[in-house]
Amino acid sequence: FDPALGVATGVYVLERDQSGRAEARITADKGVWDAGLKAWKLENGQQRTLRAGAGGAGGGQQVVPIALLRSTVDPSSLLSHQYRQFSQTLSSVQLIEAVNMPGLPADVKERMSRMFWGRWSGLLATVLTMVIVMPFILMREPGNMVTQSIKAAPVALGGLVAGVLGAAAPVPAEILPVALSAFIPCLVMLPVAIAQGTGIRT
């Protein structure tokens with residue numbers, strides 16, 4: 001699906017009855033969304049309707065051409081589904097495009113924005129975690145690095161986990177902007193990192 005053109009290729013649609021059983025299958029090489037008609041204009045569209053045979057069993061298929069498909073699934077719905085399913089694989093540029101895209105639901109935009117800022121928050125949290133564990137490694141005298149590493153490991157792990165989970169926490173945008181709430185773990189870790197970094201004995 002190309003959101004810029006409103007064109008879907010390889011269209012495959014299943015129509016179901018109230019019980020969830022498939023009644024018809026619609027295929028087309030291409031579908032173009034018509035906002036005025038609120039329907040998809042199909043290219044080489046075909047509708048294969050299931051015909052009930054004796055005792056309600058499937059008795060065959062009736063194939064008829066179809067040029068127009070009216071549906072509540074518009075381009076915004078398709079984009080919302082795509083972004084929900086594949087948001088983790090989107091680049092930062094694509095996330096920003098999603099946030100600025102008109103017609104996309106507000107909750108999806110908020111999720112994309114949180115994911116964008118969460119990546120930067122996670123990077124900053126990693127740097128702050130490194131500063132926090134530095135006193136465990138930088139020692140005035142030679143010592144047992146295995147012991148120091150064991151001491152530093154839970155601190156480093158806790159900082160990294162807190163940075164990731166804290167940035168992804170769904171804080172309502174009405175309470176705190178997404179660009180700020182994503183950095184709450186960093187704001188908590190910052191004074192600890194300053195204290196640890198400036199308290200190293202040389």
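This briefing describes a strand pairing, the surroundings of one serine, and a nonpolar surface patch. The structure is a predicted model. Strand 1 and strand 2 pair in the antiparallel sense, Ser71 lies in a loop between strand 6 and helix 1, and Met139, which lies in the loop between helix 3 and helix 4, contributes to a nonpolar patch on the surface.

**Strand pairing**

- Nine bridges join strand 1 (residues 7-16) to strand 2 (residues 22-34), and the sense of the pairing is antiparallel.
- Val7 has Val32, in strand 2, as its bridge partner.
- The two strands form a hairpin in which five residues separate strand 1 from strand 2.
- Within the turn of this hairpin, Gly20 adopts a positive phi of about 95°.

**Surroundings of Ser71**

- Ser71 is located in the loop that runs between strand 6 (68-70) and helix 1 (75-86).
- The relative accessible area of Ser71 is 26%, so this residue is classed as partly exposed, the class between 20% and 50%.
- Beyond its neighbours within four places in sequence, Ser71 is in contact with Trp33, Lys38 and Trp40.
- For Lys38, which is 33 residues away from Ser71 along the chain, the C-alpha separation from Ser71 is 7.1 Å.

**Nonpolar surface patch**

- Met134, Ile137, Leu138, Met139 and Met145 make a nonpolar surface patch of about 400 Å².
- Met139 belongs to the loop between helix 3 (106-137) and helix 4 (145-168).
- Met139 counts as partly exposed because its relative accessibility is 36%.

Definitions and conventions:
Residues numbered from 1 in each chain as written. Predicted model: local features only at pLDDT ≥ 70, side-chain atom pairs only at ≥ 80, totals over all residues. Heavy atoms only, no water. Patch = residues over 30% accessible without salt bridge, like charges linked within 9 Å, V, L, I, M, F, W, Y side chains within 5 Å. Areas by Shrake-Rupley, 256 points an atom, 1.4 Å probe, with all protein chains shown as cover. Salt bridge = Lys/Arg side-chain N within 4 Å of Asp/Glu carboxyl O. Helix = DSSP H or I, 4+ residues; strand = E, 2+ residues; numbered from the N terminus. Buried < 20%, exposed > 50% of the residue type's maximum accessible area, 1.4 Å probe, protein only. Contact = heavy atoms within 4.5 Å. Pairing = 2+ DSSP bridges.
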